[in-house]
Amino acid sequence: MWFKNLRIYRLTQPFEHSPEQLHDLLAPFEFQPCGKLDPQRGGWVPPLGRHGSEFVHAANGYIMVAFKQEEKILPSAVVKDHLEQKVAEISEQEARHVSRKERETLKDEIIFTLLPKAFTKSNICFAYIDTNEKLLVVNASSAKRAEDLMAALREAVGSFPCVPLNPTQPPPSVMTSWLRDNTISAGLELGEECELTAPKDGRIIRCKNQDLTADEVLSHINTGMVVNKIAVIWKEGVQLIIDDQFAFKRLKFEEIIQEKAQSSNADSMAEEFDQEFAIMTVELSQMIKDLVKAFGGIETLDTSD
């Protein structure tokens, strides 16, 4: 259950619902599979999966939720083939041209016919609310997936005001200075991967398995390229990629952290989940604080409105 990607949002108001209250609010929006004609559906599932029945899992001020989405797989090429075949039949049988408007109507009819036969794919997006620091931490690599979860939270809770967690200093500026000046904040060390972009022409250079302090990397920066992704290691415990949106990707928790969760033998999957969740949230909370500090602190919210 270790998170692999982090998109972090600041709650602009304290989260005042207890775990029990949040469970009751999410229950009416429990996940239901797609019906025959549903292109997609989303709803809440227990974070513990088949080992649990509650729609939340809470520990020490952290409340985890899990949002499941299911969608029908209907490749555009399949729809196009059926459409071209139908248009050809009409043109041949009725000796006339099929207009663009009629093609759109035919396309809708074809999708309506094919949906009940389509396969489905699903994914579960996990997130937790840090009630102490007023944060929402979403295990999502894409902003859209995180936004879908937040939209579902707002629908269930009624209001969930939050904004992206943005640092005071622009991430590309800070990350570029780490390489240009050969300095990095305490508790962090450079990994072996980065992505450089040229603001003027959009040129991209990707470095992997490379010493980021090497002259060849610095030479690109001296030509005006900036870092928009970089690999770092936090306190020898978590490897991650930081990008220009201050999103964290490809997290890898080292044994030094995972062993903390395994120090007491769990008697069930629920206990194992609980131990991992407790350790992960504590470690991530401190890591987020350290990374925010490394980027100059948190951007001040505009309250003029």
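Of the 305 residues that make up the protein chain, 41% are classed as buried. The model examined here is a predicted one, and its secondary structure amounts to eight helices and twelve strands. Along the principal axes, the C-alpha atoms of the chain occupy a box of roughly 75 × 55 × 45 Å. When contacts between residues at least 6 apart in sequence are considered, 68% of them link residues at least 24 apart. The surface exposed by the chain comes to about 17100 Å², of which carbon and sulfur atoms contribute 47%. With respect to charge, 34 positive and 47 negative side chains are present, and a distance of 6 Å separates the centres of the two sets.

The interior was then considered in terms of its nonpolar cores. In soluble globular proteins, nonpolar side chains tend to be buried together. The largest nonpolar core of the present model comprises 48 residues, and those with the most contacts inside this core are Trp-178, Ile-230, Ile-242, Phe-248 and Met-287. Helix 8, spanning residues 269-294, supplies the largest share of this core, namely nine residues. A second core, separate from the one just described, consists of 26 residues, among them Tyr-9, Val-65, Cys-125 and Ala-140. Within the larger set, Ile-230 has been examined for its surroundings: once residues up to four places away in sequence are set aside, Ile-230 touches Met-175, Trp-178, Leu-179, Leu-190, Glu-193, Cys-194, Leu-212, Leu-240, Ile-241 and Ile-242. Two of these partners, Trp-178 and Ile-242, are themselves listed with Ile-230 among the residues having the most contacts inside the largest core.

Helix 8 also holds Gln-286, a residue that is partly exposed, because its relative accessible area of 33% lies between the limits of 20% for buried and 50% for exposed residues. Apart from residues up to four places away in sequence, the contacts of Gln-286 are with Trp-234 and Lys-235. Between the C-alpha atoms of Gln-286 and Leu-153, which are 133 residues apart along the chain, the separation is 25 Å.

Helix 1, formed by residues 19-26, has Leu-22, His-23 and Leu-26 as its buried residues. Viewed down the helix axis, these buried residues fall within an arc of 105 degrees, and they therefore line one face of helix 1. On the face turned away from this buried side, the exposed residues Glu-20 and Asp-24 are found. The cover over the buried residues of helix 1 includes strand 2 (40-45), strand 4 (62-73), strand 5 (119-130) and helix 4 (143-157).

In strand 1, which covers residues 7-11, Arg-10 is found. Arg-10 counts as buried because its relative accessible area, 17%, falls under the 20% limit. Arg-10 and Gln-275 are separated by 265 residues in sequence, and the distance between their C-alpha atoms is 25 Å.

Several loop positions were also characterised, two of them with regard to backbone geometry. Ala-95, although not a glycine, has a positive phi of about 50 degrees. This residue is located in the loop that runs between helix 2 (76-94) and helix 3 (100-114), and, with a relative accessible area of 68%, Ala-95 is exposed. A positive phi is likewise found at Lys-134, a residue other than glycine, where the value is near 55 degrees. Lys-134 belongs to the loop between strand 5 and strand 6 (135-138), and its relative accessibility of 31% places Lys-134 in the partly exposed class.

A further loop, between strand 8 (188-197) and strand 9 (204-208), contains Lys-200. The relative accessibility of Lys-200 is 88%, and Lys-200 is therefore counted as exposed, the limit for that class being over 50%. The C-alpha atoms of Lys-200 and Leu-83 are 43 Å apart, with these positions 117 residues apart along the chain.

Notes:
Residues numbered from 1 in each chain as written. Predicted model: local features only at pLDDT ≥ 70, side-chain atom pairs only at ≥ 80, totals over all residues. Heavy atoms only, no water. Helix = DSSP H or I, 4+ residues; strand = E, 2+ residues; numbered from the N terminus. Buried < 20%, exposed > 50% of the residue type's maximum accessible area, 1.4 Å probe, protein only. Contact = heavy atoms within 4.5 Å. Areas by Shrake-Rupley, 256 points an atom, 1.4 Å probe, with all protein chains shown as cover. Lys, Arg positive; Asp, Glu negative; His and termini not counted. Charge placed at Lys NZ, Arg CZ, Asp CG, Glu CD. Core = buried A, V, L, I, M, F, W, Y, C linked by side-chain atoms within 4.5 Å. Arc of directions from axis to C-beta.
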